[in-house]
Amino acid sequence: MDHTNKKLVAALLMFFSSFLLMGTSMAASNYNVANFGAKPDGRTDSTKAFLSAWKAACRSAASVTVTVPRGSFLLKPVEFRGPCRSRITFQIDGTIVAPSDYRGLGNSGYWILFVEVNRISINGGTLDARGASFWACRKSGKSCPAGARSMTFNWANDIVVSGLTSINSQVTHLVINSCNNVIVRKVKLVAPDQSPNTDGLHVQASTGVTVTDSTFQTGDDCISIGPGTRNLYMSKLNCGPGHGISIGSLGRDANEAGVQNITLTNSVFSGSDNGVRIKTWARQSTGFVRNVLFQNLVMKNVQNPIIVDQNYCPTHQGCPKQGSGVKISQVVYRNIQGTSRTQQALTFDCSRSNPCQAIRLHDIKLTFNGRSATSTCKNIKGVKAGVVMPQGCL
C-alpha cells in the first residue's frame, strides 16, 4: 500500500472511530426511563426505573436528558439527590401519576423531591397527584397524613421549570426552598376551588426567582411568599380561583428572615378571595417586608383586592393578640383597577407597635357594584398620587 493510501485509510479509521464515539456519547446523553424498566400503563410502579435513570444521568460528565415518554407512569415518593456532575434536563412528554390511594404518598410531605441539584431543567409534562381522596380524608376529620407537596426543590441552584402542568396536588403543587436563580415559566397549577392548602407555588429562603406567563387555579394561595425570599419577580400571571398572591404568613417565629425586593406586574386576578395580600402574625418577630411593587393589575370580582393583615390568625383560636413585630415598609401599589366582590376593597390592618411605613397608592380604581368601594386603614403612614378610589386611606 503506498503512502497516500495509508494516509487515506488512517483518516477513514479516525473518522469512523470518532463517529462511533459520537454515537455512543449521543446515546448516553439521553436516558429514557422506559429503557430502565418504567411502564407507561399508569399502574406499574416505575419508581426504581426513574431512580436508575437519574443515577446514570447524575454520573454523566456531559449535559444529559432524562426522558419520560408519552404514557402514564406511576411514581411513589421519590428523591432525586445531587450534586450531579453536569446539567440535567428532565423532558416529560407523558403524565406522572401518584398512587391512587392517598396513603401511597406516605408521611414525608414530599412526592417528587430534588435535593442539592444544580443546573436542572424540568420541561413539559403533567403531574397528577390524585389529591381528591386525601382532601376527603381531611374534610372527614379523620386522622390523615400531613399531605405531600407535588414537586419540591431544596438547596438547589440554577433551576428552570417550563411548560409543566400540575393537577390535584395533595397540598402545595410546587415548592422552591433555599434555592438561588430559579425560572418558572408557562406552568399551569390546578386544583378545585375548595381543596384545602393546595397552594400553587410556595417560595421561601430563596433569591433570584422569576415567575412568568403562568396560570394558578387552586384552593389556596396562587403564590405564597415565605420568610427569606429576596429578588422575586412575577409577571403575566393569571390567578383565580384561590386565595391570591400572598407575602406571608410571616412572624410565626421570633427570629425570622425578612422578605425584600418583590415585584408583581401585568397580572389578572379572577374571582379570587384576595388580590395582593401581606399577612403577619400578631407576635414579636425580627421579620420585615420592604421594597415591594404591585403594578398593572386587574381585579375581576375579587373579595379583598388589596389587603394587609397584621393580625393574621386563620382559626381564630389562641390568637397571639400582640403587636406584630414584622415591619412593613416601602410598598407601592400602582395602576390597580377592577371590581371588588365586597364593599371594602382596600384593607390596611397594620401593626400597632410597628405601623406600616412609606406605603404609596398611585392610580387605584376599584369599584363595588358599579360604585366606588370603601377602605379601612389602621396604623399606616404613606402617600397617594393620581386618582385613588376608594379614598379615605393615607
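1. Start at Asp309. Its side chain reaches the backbone nitrogen of Asn311 at 2.9 Å. A second backbone nitrogen, that of Tyr312, lies 3.4 Å from a polar atom of the Asp309 side chain. Please keep in mind throughout that this is a predicted model.

2. Where does Asp309 sit? Its place is in strand β25, which covers residues 304–309. Leaving aside neighbours within four places in sequence, Asp309 is in contact with Ile278, Lys279, Thr280 and Asp349.

3. The charge of Asp309 deserves a look. Which side chain of opposite charge is nearest to Asp309? That side chain is Arg277, 5.9 Å away. A salt bridge needs a side-chain nitrogen of Lys or Arg within 4 Å of a carboxyl oxygen of Asp or Glu, so Arg277 does not qualify as a partner. Asp309 is thus buried and has no salt bridge.

4. Arg277 also turns up around His243. Not counting residues up to four places away in sequence, His243 touches Arg277, Asp273 and Asn274. The other residues it touches are Gly219, Asp220, Asp221 and Cys222.

5. His243 carries an annotation. UniProt lists His243 for "active site", and the entry is unreviewed. The place of His243 is in the loop between β20 (230–239) and β21 (245–250). Is His243 buried, exposed or partly exposed? Its relative accessible area is 23%, so His243 is partly exposed. The cut-off matters here, because buried means under 20%.

6. Ser270 is another partly exposed residue, at 32% relative accessibility. Ser270 lies in strand β22, residues 259–270. How far apart are Ser270 and Cys239 in sequence and in space? They are 31 residues apart in sequence and 6.2 Å apart in space, C-alpha to C-alpha. Cys239 is also among the contacts of Ser270 once neighbours within four places are left aside. The others are Gly240, Pro241 and Lys300.

7. Now the aromatic rings. How many aromatic pairs does a search of the whole structure find? The count is 13. Take Phe90 and Phe114, an edge-to-face pair with 6.0 Å from centre to centre and 80° between the planes. This pair links distant parts of the chain. Phe90 belongs to strand β6 (residues 88–92) and Phe114 to strand β8 (residues 110–115), 24 residues apart. Phe90 and Phe114 are both buried.

8. Phe114 has another ring partner. With Phe153 it forms a stacked pair, 5.0 Å centre to centre and 10° between the planes. Phe114 lies in strand β8 and Phe153 in strand β11 (residues 149–154), so this pair ties together parts that are 39 residues apart in sequence. Phe153 is buried, as is Phe114.

9. Which residues do ring pairs link into a cluster along with Phe114? They are Trp54, Phe80, Phe90 and Phe153.

10. Last, the whole chain. The protein chain has three helices and 31 strands. Its C-alpha atoms fill a box of roughly 100 × 55 × 40 Å, taken along the principal axes. Of the 394 residues in the chain, 51% are buried. Consider contacts between residues at least 6 apart in sequence: 74% of them join residues at least 24 apart.

Definitions and conventions:
Residues numbered from 1 in each chain as written. Predicted model: local features only at pLDDT ≥ 70, side-chain atom pairs only at ≥ 80, totals over all residues. Heavy atoms only, no water. Helix = DSSP H or I, 4+ residues; strand = E, 2+ residues; numbered from the N terminus. Buried < 20%, exposed > 50% of the residue type's maximum accessible area, 1.4 Å probe, protein only. Lys, Arg positive; Asp, Glu negative; His and termini not counted. Polar contact = N/O pair within 3.5 Å; in protein donor to acceptor, adjacent residues only side chain to side chain. Contact = heavy atoms within 4.5 Å. UniProt positions renumbered as here; feature names shortened; annotations may be inferred. Phe/Tyr/Trp six-rings, centres within 6.5 Å; stacked < 30°, edge-to-face > 60°.
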